[in-house]
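Subject: Structure handed over, with notes

Dear colleague,

Please find below the structure that I promised to pass on to you. My notes on what was found in it follow directly after.

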Amino acid sequence: MIKTQGLTRRFGDFTAVREVSFELQEGQTLALIGPSGCGKTTTLKMLNRLITPSAGNVWVNGQDISQQPVVQLRRQMGYVIQDMGLFPHYTVAENIAVVPRLLGWEVSKIKARTGALLEQLGLDTGAFAQKYPNELSGGQQQRVGIARALAANPPIVLMDEPFGALDPLTRQQIRRDFMELEELRSKTTIMVTHDIEEAFEMGSLVCLLNRGEVQQLAPPETLLQSPANEFVADFVAEKAAQLELRSAKLRDIFSELPEAPPLPGNALPLSPTLPLLRAIYRLAKARGKHPLGSTTYQGQQRYFTLPLLIEAFKNNLQSWAN
Ligand SMILES: Nc1ncnc2c1ncn2[C@@H]1O[C@H](COP(=O)(O)OP(=O)(O)OP(=O)(O)O)[C@@H](O)[C@H]1O
């Protein structure tokens, strides 16, 4: 869907981005991460030609973007930025409708699309469509910004610190809602973030940059398990435990679990409380043992089963990592 080769940008004598190459398939998410000033935003902006590369190429669907009219290019790419960039004198509905209008969609189609997006992003259409950005909270504005970027259904979404300006709780909630959006599953997303946990949670690939150069480009778990160099190892070391949970996928857990042992007749069902599950998971990881069996909890022997654990895992994965 999108490919770069040798992407480089110089500002005078200074090389902000050097020879960045990656390839993303439809539906994949690339998280660009690294210390402040490492070239994340410059890389992102070269993808929609907000910044012209000094060298290298970008192809979208096999087409070299430098040969494409810029308007046509940007219609294929939703763009979400940290300060939202909503038009203050447009209502929420008008803000979301900007690109569909430019594309000449019928009014009824625009209205239906706007309403559907607002609902999907947890904003009641009746209450919000006619409000102005300054009547919304930061989190609500950010949701509108996301809706606007998705309005014309672009196959590619570029996001620069999309959840950056928000408090941690709002940030987490929006991120969760965002990841649950059904239509995003088929989109190819490139996001810039300074939050390594966010990168690990959202990225199917993580690209760690330092001083404009790629240090490692790989699935998140690979950065943990096989860091390419000392910089990568140091970068992930501090949060290794949280990152492991962020990048844990249900299938990883499945492969660790053997058949559930038969429950004894006097087994009490386990209520999967968070601390208990957390302890089980840690134990299993640390000792390389499967987390099935029994445990003494509040003075009683409790047994936990595969479906229970999986369910609890699904429900709690997010909050565990916090
Ligand atoms: N227009 C410009 N002129 C000169 N230098 C620039 C320009 N734009 C960016 N730079 C420099 O290029 C480097 C990379 O900038 P960029 O914004 O891509 O970094 P970043 O990784 O996104 O940083 P941050 O996380 O702080 O937003 C920085 O050192 C920056 O000062």
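Strands β9 and β10 form a hairpin with two residues between them, and R211 in the turn has a positive phi of about 45°. Strands here are DSSP runs of E with at least two residues, while helices are runs of H or I with at least four, both numbered from the N terminus. The two strands of the hairpin pair in the antiparallel sense over five bridges, where pairing requires that DSSP finds at least two bridges between the strands. One of the partnerships in the hairpin joins C207 to L217 in β10.

Please keep in mind that this is a predicted model, in which local features need pLDDT of at least 70 and side-chain atom pairs count only at pLDDT 80 or more, whereas totals for chains, interfaces and linings use all residues. Residues are numbered from 1 along each chain as its sequence is written.

The hairpin belongs to an open sheet of six strands, arranged in the order β6-β7-β8-β3-β9-β10 with mixed pairing. Because β6 (77–81) and β10 (213–218) stand at the edges, each with a single partner strand, one side of each is left without a neighbour in the sheet. From one strand to the next, the twist averages 15°.

Strand β3 (residues 29–33) runs parallel to β8 (residues 188–192) and is joined to it by four bridges, with L32 standing opposite V192 in β8. β3 also pairs with β9 in the parallel sense, again over four bridges, and here A31 stands opposite V206 in β9. Five of the six residues of β9 are buried, so this strand is largely enclosed by the rest of the structure; a residue is called buried if 20 or more other C-beta atoms lie within 10 Å of its own, exposed if 12 or fewer, and partly exposed in between, with C-beta atoms placed from the backbone.

Helix α1 lies across β3, β7 (156–160), β8 and β9 (205–210), running at about 150° to β8; the angle is taken between N-to-C directions on a scale from 0 to 180 degrees, with axes fitted to C-alpha atoms, for helices over the stretch in contact. Helix α1 (residues 40–47) also gives the largest share of the shell around the ligand, namely three residues. That shell consists of F11, A16, G34, S36, G37, C38, G39, K40, T41, T42 and H194, a residue being included if its C-beta atom, placed from the backbone, lies within 6 Å. By residue type, the shell divides into three nonpolar, seven polar and one charged.

In helix α11 (residues 230–237), V232, F235 and V236 are buried. Seen down the helix axis, these buried residues fall within an arc of 85°, so they line one face of α11, whereas the face turned away from the buried side carries the exposed residues E230, D234 and A237.

Two single positions complete these notes. I196 has its place in helix α9 (residues 196–202) and is buried, with 22 other C-beta atoms within 10 Å; its C-alpha atom is separated by 9.4 Å from that of V206, 10 residues apart along the chain. A97 lies in the loop between α3 (92–96) and α4 (98–102), and it counts as buried because it has 22 C-beta neighbours inside 10 Å.

With best wishes

Conventions: Nonpolar A, V, L, I, M, F, W, Y, C, P; charged D, E, K, R; others polar. Contact = placed C-beta atoms within 7 Å. Arc of directions from axis to C-beta.
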